[in-house]
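Biologist: I have the sequence and the model open side by side. Please give me a close look at the strands, one pairing after another, and then tell me what else sits around them.

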Amino acid sequence: MKVAIIGPGNMGLGIARLLVAKDYNVVLAHKDLQVATRLAAKIGTNAQGADVTSAVSDADIVILATPYDSAEVALKEAGDLAGKVLVDITNPITPDYMALTIGHTTSAAEEIAKLAPDAHVVKAFNTVFWQALPFDVRRKKPAVQVLLASDDANAKEKVYAMVTDLEFEAIDAGPLTNARYIEPVGQLNIHFGYALGWGTSISPAWVRLAE
Ligand SMILES: NC(=O)c1ccc[n+]([C@@H]2O[C@H](COP(=O)([O-])OP(=O)(O)OC[C@H]3O[C@@H](n4cnc5c(N)ncnc54)[C@H](OP(=O)(O)O)[C@@H]3O)[C@@H](O)[C@H]2O)c1
């Protein structure tokens, strides 16, 4: 399974490390090929660097891990995403991290779906801090949840399987419009972590009180 990650920053590299540990082939995509190649070399033998267009061309799953404000440019660079599973992990936040820039009547995920109308968009990972990605951090209970929203059942199933392989608890969080509610959860997590003093060793979770 080949996964392209557009945006080799904190989240992109963190997810890449998990994927290569589970024998996925990863292509890191950056606008500067040298940056992509240098970072891929640090991730390991199952990772390659590429420009954005070539990275997505034969990927089964494409993870958009740029800032939300860079999504439009990155998706233009990506080109043809017809039929691809496109995982949107973005939180559309202000530069000081303290507020969402869009919401209520739309979401980053829905706007990204408009920019890539032929892709199957799945919202995921936006409620997980990059510091909470490594296995050794998460191997303490309870499981870190990844909320998945999509209108495409097949795409959601593929991302569900990948997220489960990466030892997260995948949660089906309904249609893509539910990203309108999931993105504020990501924002609340940021408030807990940075404004309310909980730090980044936290993650939001839904608990069942009865079976
Ligand atoms: N940080 C978190 O804990 C966290 C948690 C959940 C979700 N998120 C979301 O995940 C996304 C990434 O966050 P992050 O913390 O990883 O940010 P980051 O460290 O700033 O990484 C973003 C990466 O995207 C690259 N990039 C920007 N424009 C690009 C383009 N057009 N083509 C290819 N690559 C491009 C950046 O490269 P340059 O630096 O060279 O521009 C950088 O490598 C954001 O949308 C954020 O809201 C973050």
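**Strands and their surroundings**

Modeller: The protein contains eight helices and eight strands. Its radius of gyration is 16 Å, close to the 17 Å that the globule rule gives for 211 residues, so the protein is as compact as a globular protein of that length. Keep in mind that this is a predicted model. Along the principal axes, the C-alpha atoms fill a box of roughly 45 × 40 × 35 Å. Of the 211 residues, 45% are buried. When contacts between residues at least 6 apart in sequence are considered, 66% of them join residues at least 24 apart.

Take β2 to begin with. This strand covers residues 25–29, and four of these five residues are buried, so β2 is largely enclosed by the rest of the structure. One partner of β2 is β1 (residues 2–6); the two strands are parallel and share five bridges. Within this pairing, Lys-2 has Asn-25 of β2 as its bridge partner. The connection between the two strands involves α1, and β1, α1 and β2 together form a right-handed β-α-β unit. Another partner of β2 is β3 (residues 47–50), which also runs parallel to it, with four bridges between them. Here Val-27 is bridged to Gln-48 in β3. The chain goes from β2 to β3 by way of helix α2 (residues 33–43), and this β-α-β crossover is right-handed.

Now turn to β7. Five of the six residues in this strand are buried, so β7 is largely enclosed by the rest of the structure. Its pairing with β6 is antiparallel and has two bridges. In that pairing, Val-122 lies opposite Ser-150 of β7. With β8 (residues 169–172), β7 pairs in the parallel sense, over four bridges. Leu-147 has Ile-171 in β8 as its bridge partner. Helix α7 (residues 153–165) belongs to this connection: β7, α7 and β8 make up a right-handed β-α-β unit.

A helix that packs on several of these elements is α5. Its buried residues are Ala-108, Ala-109, Glu-110, Ile-112 and Ala-113. They pack against the strands β4 (61–64), β5, β6 and β7 (145–150), and against the helices α4 and α8 (179–195). An α-helix has 3.6 residues a turn, so residues three or four places apart point the same way.

Two loop residues are worth checking for backbone geometry. His-104, in the loop between β5 (85–88) and α5 (108–115), has phi near 65 degrees, a positive value in a residue other than glycine. Phe-125, in the loop between β6 (120–123) and α6 (135–138), has phi near 70 degrees, again positive in a residue other than glycine. Their surroundings can be read from counts of other C-beta atoms within 10 Å, where 20 or more means buried and 12 or fewer means exposed. His-104 has 9, so this residue is exposed. Phe-125 has 26, so this residue is buried.

Last comes the ligand. Its shell has 29 residues, with Gly-7, Gly-9, Met-11, Ser-70 and Thr-90 the closest. The elements that contribute two or more residues to the shell are α1 (10–21) and α4 (71–78). Sorted by class, the shell has 16 nonpolar, 11 polar and two charged residues.

Key
Residues numbered from 1 in each chain as written. Predicted model: local features only at pLDDT ≥ 70, side-chain atom pairs only at ≥ 80, totals over all residues. Near = placed C-beta within 6 Å. Nonpolar A, V, L, I, M, F, W, Y, C, P; charged D, E, K, R; others polar. Rg over C-alpha atoms; globule rule 2.2 N^0.38 Å. Contact = placed C-beta atoms within 7 Å. Pairing = 2+ DSSP bridges. Right-handed = clockwise from strand over helix to strand, strands pointing away.
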